[in-house]
Amino acid sequence: MKSLSEKVAGIAPSATIEISNRAKKMQREGIDVISLSIGEPDFDTPKHIRDACIDALNRGETHYTPSDGIPELLAAISEKIEKENKFSCKPDQAIVTVGAKDAIYEGMEAVLNPGDEVLLLTPAWVSYEPCVQMAGGKVVKHAVNQKTFQLDDSILERVNTNTKMIVINSPSNPSGAVFDKTSMNLVADLCQDHDLYAMSDEIYEKLVYGKEHLSLAAIGNMAERTITINGFSKAYAMTGWRLGYAVAPQKIIKAMSKVQQHSVSQATTFAMWGAVAALKGDQRCVEEMRTEFNQRRKFVMAELGLMGYETAPADGAFYAFVKVAGDDMEIATRWLEKGHVAATPGTAFDAPGWIRLSYAASMDRLKEAMSRIRRVGGN
């Protein structure tokens, strides 16, 4: 029998999903595992969003729509971007995708040619590199400052004539760091000086604590070269709905649309009506969840500090990024097998010696998890 795809064979599986699957297997065996390994809010999707989806189902919104998304949602995205993110966006500069991950993949396919280099800032979310690889690109990695988790001029050394795109993620998964104006302006200057595209993953923009979220596309004329990625999973607790979106120059959206038309066709019709309600409806639900996440953040960071762990600045998202003394894979395995706490080793994010903990679990479970980690150790 002929061999399978070498390209796919060279792509690593998702470490976050792999750890989550191991934890779920232990849970099925009757073991009380506390899963802090996957980025999923423990809240239910707000009722007004669920109701909008149910209403859409009941009135028969179950058929094909334009591939890029229903006009009502594209208009809501456009309005949201201009109001909140402070850069110009027309409805035909947006596309609704099957989750933000799909938007990232489509954006890579739309821009990259074989051999084009993409600059990833590490620690980096696990799926950026596979998306570049599947699009035929080559990844070049640059580590942020390991104390501040910001950028400095050393990034200039990583750019050459083959560089085509830089990917940023603020707030960051896995570190929780939020890029400041200096870092954002450095990226903008780099893109403009070297004629680079940028992909700005802003899926955690609503979950910022004491800092200011800045959109890369709002700096100067960066909207002309930036693909802004966002979605509904984190801010609105809509992970299972699989709805994301991208905003970019129209020529990029048209190219992404081709990829979508020949792959997933479109996002789910009735789910998109729930997304309209999410963007157009009362936003107090978002602030209530953010407030609760902040309380959990303060608790987890304080507990880790008392245990003597060094952590990244947790200014956004819902992750504590913990520096451990030793092999992060071994320690994460020990936490899972001996402490029954699932966490993601930093090696998965190109950050060996670190472990990511999600505090998107209930406070009771977080208290128990911290007790177990203290007992098992790893510092």
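Two strands pair if DSSP finds at least two bridges between them. Keep that in mind for this talk. The model on the screen is a predicted one.

Let's use the definition right away. Look at strand 13, residues 354-358. Which strand pairs with strand 13 over five bridges? Strand 10, residues 319-323, does, and the sense is antiparallel. Take one bridge as an example. K323 has W354 of strand 13 as its bridge partner.

Strand 12 also pairs with strand 13. Strand 12 is short to write down: residues 344-345. Again the sense is antiparallel, this time over two bridges. Here P345 has I355 as its bridge partner in strand 13.

Now, is strand 13 buried or exposed? Five of its five residues are buried, so strand 13 is largely enclosed by the rest of the structure. Check both faces. On one side sit W354, R356 and S358, all buried. On the other side sit I355 and L357, buried as well.

Next, a sheet. A quick reminder: strands of a sheet pair through backbone hydrogen bonds, either parallel or antiparallel. This one is an open sheet of seven strands. Read the order as 2-8-7-6-5-3-4. The pairing is mixed. Why is one side of strand 2 and of strand 4 left without a neighbour in the sheet? Strand 2 (94-97) and strand 4 (138-143) stand at the edges, and each has a single partner strand, so one side stays free of a neighbour. On average, neighbouring strands here are turned by 20° against each other, direction ignored.

Zoom in on one pair. Strand 7 covers residues 226-231, and strand 8 covers residues 244-247. The two pair in the antiparallel sense over four bridges. Find N230, and opposite it in strand 8 you will see Y245.

What lies across strand 2, strand 7 and strand 8? Helix 4, residues 71-85, does. Helix 4 runs at about 120° to strand 2.

Last stop: two helices. Two packed helices are described by the angle between their axes and the distance between the axes. Helix 3 is residues 47-58, and helix 9 is residues 269-280. Their angle is about 145°, and their axes are 7 Å apart. The crossing is right-handed. Who makes the contact? From helix 3 come H48, I49, A52, C53, A56 and L57. From helix 9 come F270, A271, W273, G274, A277 and A278. Sort these residues by type: ten are nonpolar, two are polar and none is charged.

That's the tour. Thank you.

Notes
Residues numbered from 1 in each chain as written. Predicted model: local features only at pLDDT ≥ 70, side-chain atom pairs only at ≥ 80, totals over all residues. Heavy atoms only, no water. Axes fitted to C-alpha atoms, helices over the stretch in contact; angles between N-to-C directions. Contact = heavy atoms within 4.5 Å. Left-handed = near helix turned anticlockwise from the far one by under 90°. Nonpolar A, V, L, I, M, F, W, Y, C, P; charged D, E, K, R; others polar. Buried < 20%, exposed > 50% of the residue type's maximum accessible area, 1.4 Å probe, protein only.
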